Amino acid sequence: MEEELKCPVCGSFYREPIILPCSHNLCQACARNILVQTPDSESPQSRRASGSAVSDYDYLDLDKMSLYSEADSGYGSYGGFASAPTTPCQKSPNGVRVFPPAAPPPPAALAPPPPPRNACLTCPQCHRSLVLDERGLRGFPRNRLLEGVIDRYQQGRAAALRCQLCEKAPKEAAVMCEQCDVFYCEPCRLRCHPPRGPLAKHRLVPPAQGRVSRRLSPRKISTCTDHELENHSMYCVQCKSPVCYQCLEEGKHSSHEVKALGAMWKLHKSQLSQALNGLSDRAKEAKEFLVQLRNMVQQIQENSVEFEACLVAQCDALIDALNRRKAQLLSRVNKEHEHKLKVVRDQISHCTVKLRQTTGLMEYCLEVIKENDPSGFLQISDALIRRVHLTEDQWGKGTLTPRMTTDFDLNLDNAPLLQSIHQLDFVQMKVPAPPILQLEECCTHNNSATLSWKQPPLSTVQVEGYILELDDGNGGQFREVYVGKETMCTVDGLHFNSTYSARVKAFNKSGVSPYSKTLVLQTSEVAWFSFDPSSAHADIIFSNDNLTVTCNSYDDRVVLGKTGFSKGLHYWELSIDRYDNHPDPAFGVARIDVLKDAMLGKDDKAWAMYVDNNRSWFMHNNSHTNRTEGGITKGATVGVLLDLTRRTLTFSINEDQQGPVAFENLEGLFFPAVSLNRNVQVRPGSGSLSRVGHSQQWEEVTLLSHCPSCCCHCSSRTRRVPVQQRGLRRS
């Protein structure tokens, strides 16, 4: 708190502080020191009085300007005045520039009479400029509350009391005058409080006793700055300042809203307390944050030591590996050196022996030539000639060529290693943080689920990809359904009315992150579907938002529904909107890769009932079974019941079941399917039911017609449909 109790000009505790209109405080002596004198002709009041274009608003803006001088960044007069003087400044102990005492005026004979001047004061903290009126500094109220806080603070610190009149480096107080309420050191007492005249009756006490008496004495009631003899009794709401009763009767506050001083005092105390509660919470958070930062400093230091040790160990390992490789290469060089020496030495030895033999033969032949016995010479000359030629041939081509070069045929390829050393740098050594699933973007539709995730905001670890996992919808083991760099994935082909758990993790070269929090997803209980143009034959014609289909060919063409079923109980109806010339449409279920250019049921990928105007047949893999009486006409309704719990398929026409169970042992993924030609037009009927469970009986329920455009039920009628004993959830 000490910084709040020190003057921004002198740097010491406030002495006789005054409150400026900007709510900042100054010692009265310091405020007197930083006053600036301006000519009357340049004051804002005179400029407005002379008809200047400066409005009240402009003056308020000008009043907020800093009085910095361009020459020395000290306080000067308004920068907008043409004749504003620039005065050199001095610096206070806390860094605020203040003006020195004014220089003595020149002799009257040499200087013109000074123009009338007004006093101007600039707040050292917010640099707002204030023009004083005729009362001068007495026009600013004294902050007695701040004086009381300073007294209590100094008493709590038990610090030595200082003289209140010393201009520089206040000395320790020697006495206190109870009447003047001022602490004096001995020199200031002799100079400012002599023991004579009226001051002789004042009571001087030791500083400690004076501090106690000051604390026990009642606080002086602050008086009005406009009416010095009146105490503050009310509070002006508009001016936000205490006023006296004369201000309300004849002063500038007469037309303002005022309230009782005590009530506003309690109200503002309550507001300050509430504000302090919020500030206290922020301060508490700041303290906890500082503790966290200090712990981070310690952790950073520990991690730095550990990391440096790891780095040194890694570099030492590289150096050791290089030294080992160096030793291996040197060993190869030594082997090459020994090999070259051996080859050369062997050749030297061989040539030495052969040269000795040749020299001996030559000397012997020379001695033979010297003999004069022709017959004896001719006896051995042929043999010697052959030996000489043979020896000469032995010194033939290659014999006098070195078998080994002096150069070493080894070239060390160190460029890749040097490049690797130059590229040696830090890579991401940590695994990524667990991703965060974005719940607001995760959703399910029918039997598909869309999941979205992101990395934590403060995570700087590089991520190379993500792995999304889902369980089997029954609480079983998780399995990977997506691996890639995208942060959003849609998974199709899930079971209806099932609860799936999803989780995701990130990975990079360093490893795999922990899993994110597990998200539970509920697929739709009721399957709404339309026909799928993307998988249908090109001759199929779609209308009514893909809810109505027909064909432009006389041959049968197949169209599938968009939604596939692999689990549970599902029932849907198809209405015949047009039936001309007695065609044979087929209705049922099929795999996604069923033949699209033949009647449904012609291959082994479809299970269907095809009908005419009199009869119906069940067909699978081009095999007909169970011919049943009862055909269709325009307006008829065909019902399909797919029970994947019992693995059966049953058909009905106009609510009448067609024979027994049509197909059994069905397993896998099935799509609603229809085959038709240009003489038939089909659309979904009045409703559908889907539920994971068993079909055990038929009961009458009300099927509601669903409108995909407005998501509402538009009509209803009673139908007899197969449901389990506890009943299906109505669509």
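Which residues point one way from strand 32, and which the other way? Thr-648, Thr-650 and Ser-652 are on one side, while Leu-649, Phe-651 and Ile-653 point the other way, and all are buried. Keep in mind that this is a predicted model.

So how boxed in is strand 32 (residues 648-653)? With "buried" meaning under 20% relative accessible area, 6 of its 6 residues qualify, so strand 32 is largely enclosed by the rest of the structure.

Now for the neighbours. Here is how strand 32 pairs up:

| Partner of strand 32 | Bridges and sense |
|---|---|
| Strand 31 (residues 637-643) | 6 bridges, antiparallel |
| Strand 33 (residues 656-657) | 2 bridges, antiparallel |
| Strand 34 (residues 663-664) | 2 bridges, antiparallel |

You can pick out facing residues for each pairing. Leu-642 sits opposite Leu-649 in strand 32, Ser-652 faces Gln-657 in strand 33, and Thr-648 has Glu-664 in strand 34 as its bridge partner.

Two of these pairings are hairpins. Strands 31 and 32 have 4 residues between them, and Arg-647 in that turn shows a positive phi of about 60°. Strands 32 and 33 are joined with 2 residues between them, and there Asn-654 in the turn has a positive phi of about 55°.

Elsewhere in the chain, take a look at an open sheet of 3 strands, ordered 9-8-10 with antiparallel pairing. Its edges are strand 9 (182-184) and strand 10 (204-205), each pairing on one side only. Strand 8 (residues 175-177) connects to strand 9 through 3 bridges, antiparallel, and Val-175 is found opposite Tyr-184 in strand 9.

Terms used: Residues numbered from 1 in each chain as written. Predicted model: local features only at pLDDT ≥ 70, side-chain atom pairs only at ≥ 80, totals over all residues. Heavy atoms only, no water. Pairing = 2+ DSSP bridges. Buried < 20%, exposed > 50% of the residue type's maximum accessible area, 1.4 Å probe, protein only.
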